[in-house]
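Reader: I should be grateful for a close look at one chain of this model, beginning with how its strands pair. Please state the cut-offs behind each term as it arises.

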Amino acid sequence: MVGTLQRNVGASVTLRLFFAAGWRSHMALFRWMRPSAFFPTVIGVPTVQLIWFVYLGHYVGTHPVAYYAVGNALHACAIAGLFAPAMSIQGERFSGTLTAVLATPARRSVMFLGRVVPAVLIGFLTSVVMLALGVVVADVELPWARLPQLVGAVLVTTASCCAFGLLIGAIGLRTREAILIANLTSYLMLLVCGVNVPLESLPDWLQVVGRLMPMTHGIQAAREVLAGTTGAGGLMLLEFLKALVYLGIALVVLRVLEQNSRRHAVLDEM
Amino acid sequence: MSDYAIELDNLSRVFRAGQGKTKRAVDQLSLRIERGEMFGLLGPNGAGKTSTVKILMTVLLPTSGHARILGDDVVAQVERVRRRTGVILGGDAGLYARLSARDNLLLFADLYGIPYREQKRRIGELLDMVGLLKSERTRVEAFSRGMKQRLHIARGLLHDPEVVILDEPSNGIDPVGARELRELVRGTVRDGRTVLMTTHYMFEADELCDRVAVMRGGRKIAEGTPESLKKQTDGQVVLSLDIIGVGEPDLDRLRLLPGVGSLSVAEVDGSQRLDLHCDQQTDVTAAVMAELRHLNVLRVSKREPTLEDAYISLVSGGDDA
């Protein structure tokens with residue numbers, strides 16, 4: 001007899017949708033999960049970027065080179081953290097699976113939040129590797145006693161970046177330009193989030209933009225932890241709250257644009 | 001509980017076509033499909049088949065009218081419809097090329113909320129059924145079109161749906177693969193499911209479907225069993241010619257001949273197959289040969305109309321039924 005297969009919406013099924021489907025979707029959509037693509041893309045690009053800015057900073061001489069190393073090490077999480085969630089819709093469209101996925105009864109909030117988890121993990125690991133590189137090339141001194149706080153700062157920065165990436169991904173339900181928006185965001189972050197240029201040296205309006213962007217307070221928190229000064233906890237909390245706000249907006253945008261795409265028949269538009 | 005598996009009531013879908021114009025992709029379509037029935041939706045490109053299927057898949061909203069699956073409205077009860085409907089798309093779309101067959105099914109099993117213990121059993125059964133058990137660990141990017149299509153079927157049946165929608169399932173598949181596919185579709189109906197299938201291939205519809213509907217310009221222009229549609233061509237005969245070099249002016253002259261209804265031309269092995277649907281009472285052979293005397297006619301034969309002839313007669317006719 002058909003239609004008798006056991007289905008439920010219990011916790012184990014929800015957890016599988018969150019973790020297993022999230023991880024498998026990441027494997028399905030991103031070529032960088034192959035080692036031949038992972039190292040050049042996820043590790044290679046930020047390595048070159050970090051070294052480039054460290055030597056530029058050394059030449060300019062306005063800050064210690066560790067300043068640039070820390071900023072770029074945290075910005076490194078954007079490769080996976082920003083781009084993977086940003087491409088989670090557009091990637092489905094490219095692979096021709098978007099219609100099949102959206103025809104399933106899976107809860108969208110769980111499904112798309114689950115896709116953020118691998119991005120957070122890979123982004124976090126990338127930043128950790130880049131901090132280690134910073135130790136080698138820029139004499140960044142890791143405070144072993146405050147390592148948990150540093151891990152917290154990196155984690156919250158990555159999470160915030162991923163949440164913003166999901167917001168870009170949600171917009172991808174209505175536009176083909178998600179990857180362009182993610183690229184623009186990544187470059188904007190280099191300027192306004194205190195990666196290489198102190199926020200205070202920017203015009204007022206750019207400082208406002210910087211404070212609204214992900215990463216700014218997380219980078220500041222990491223620098224506070226490394227300098228051994230107080231205030232890192234508040235900055236991390238602020239970055240975490242920004243992440244929650246981005247996530248909330250992303251889920252609302254996803255819901256609205258999915259409904260909208262059903263109304264206007266734009267799901268398959270390439 | 002509804003008596004019907006699929007019900008469409010005056011379903012319409014209007015698209016904006018730019019410059020303030022609109023296009024009615026589906027126009028006042030009404031259908032009733034019984035439980036356990038295999039129903040074919042036929043029509044040329046742009047007839048509105050895919051828009052109808054997308055509305056039933058819940059990925060497109062109708063502009064007006066209603067569509068219900070097993071009594072559930074596809075707009076108001078989306079989640080129930082999605083749980084009880086399986087969608088099998090044709091072509092390469094709908095599968096993750098970088099994942100193996102098994103991983104594709106595991107991913108969709110999670111999206112359909114199937115508990116893990118059930119997943120293992122169900123995926124094993126389905127891979128066995130579609131003959132992909134040996135290739136379960138192979139990435140889909142290495143699959144042939146036919147293998148992908150069989151995996152599509154497994155994916156569509158994963159959550160044990162009561163209603164299955166197949167959108168041009170045999171598109172681009174070789175004849176052997178298409179035959180295997182038809183056998184799988186037949187098995188789906190034997191299991192007690194209701195199947196709605198869109199197809200361009202009339203012999204496929206003739207072989208598989210209990211009933212068919214023909215669409216043109218978004219409207220239903222005929223509905224019935226394949227046999228009843230063929231009967232619409234009663235009193236007709238098909239004059240079939242294999243010919244080289246026939247052009248539009250020749251066809252225009254043939255259309256004007258008394259006793260000639262519709263005609264169709266297809267490329268076959270370097271020549272053209274010209275089928276003229278003619279009145280049985282009037283032998284038009286001599287007149288046709290006279291009109292085509294300047295061309296190289298390789299073969300002339302007469303035959304009884306098939307479902308394809310009935311379809312061509314319907315979709316090339318001017319009046320809606």
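Author: In chain B, strand E1 (residues 4–18) runs antiparallel to strand E4 (residues 64–69), and five bridges join the two. Strands pair here if DSSP finds at least two bridges between them; strands (E, at least two residues) and helices (H or I, at least four) are DSSP runs, numbered from the N terminus. This is a predicted model, in which local features need pLDDT of at least 70 and side-chain atom pairs count only at pLDDT 80 or more, whereas totals for chains, interfaces and linings use all residues. Residues are numbered from 1 along each chain as its sequence is written, while chains are lettered from A and ligands numbered from 1 in the order in which they are written.

Within the pairing of E1(B) and E4(B), Ser12(B) is placed opposite Ser64(B). E4(B) also pairs in the antiparallel sense with strand E5 (residues 72–73) of chain B, over two bridges, and here Arg68(B) stands opposite Asp73(B). Two residues lie between the strands of this hairpin, where Leu70(B) takes a positive phi near 50 degrees.

Further along chain B, four strands form an open sheet in the order E12-E13-E11-E14, with antiparallel pairing. Strand E12 (260–268) and strand E14 (296–303) of chain B each have a single partner strand, so these edge strands leave one side without a neighbour in the sheet. On average, neighbouring strands of this sheet are turned by 20 degrees against each other, direction ignored; axes are lines fitted to C-alpha atoms, for helices over the stretch in contact, and angles run from 0 to 180 degrees between N-to-C directions. Strand E11 (residues 236–244) and strand E13 (residues 271–279) of chain B run antiparallel and are joined by eight bridges, with Val237(B) having Cys278(B) as its bridge partner in E13(B).

Two helices accompany this sheet. Helix H9 (residues 248–255) of chain B lies across E12 and E13 of chain B, at about 155 degrees to E12(B). Helix H11 (residues 307–316) of chain B packs on the sheet by touching E11, E12 and E13 of chain B, and its direction makes about 115 degrees with that of E12(B). Two residues are in contact if their C-beta atoms, placed from the backbone, lie within 7 Å.

Val237(B) also belongs to a nonpolar core of eleven residues, a second and separate one, which includes Leu263(B), Leu274(B) and Leu276(B). Such a core is a set of buried Ala, Val, Leu, Ile, Met, Phe, Trp, Tyr and Cys residues joined through C-beta atoms within 7 Å. A residue is buried if 20 or more other C-beta atoms lie within 10 Å of its own, exposed if 12 or fewer, and partly exposed in between, with C-beta atoms placed from the backbone. The largest core has 164 residues, and Ala154(B) and Ile165(B) are among those that touch the most other members.

For chain B as a whole, eleven helices and 14 strands are assigned, and buried residues make up 45% of its 321 residues. Its C-alpha trace spans about 70 × 45 × 40 Å along the principal axes. Of the contacts in chain B between residues at least 6 apart in sequence, 71% join residues at least 24 apart. Towards chain A, chain B contributes 39 residues to the contact, which takes 35 residues from chain A.
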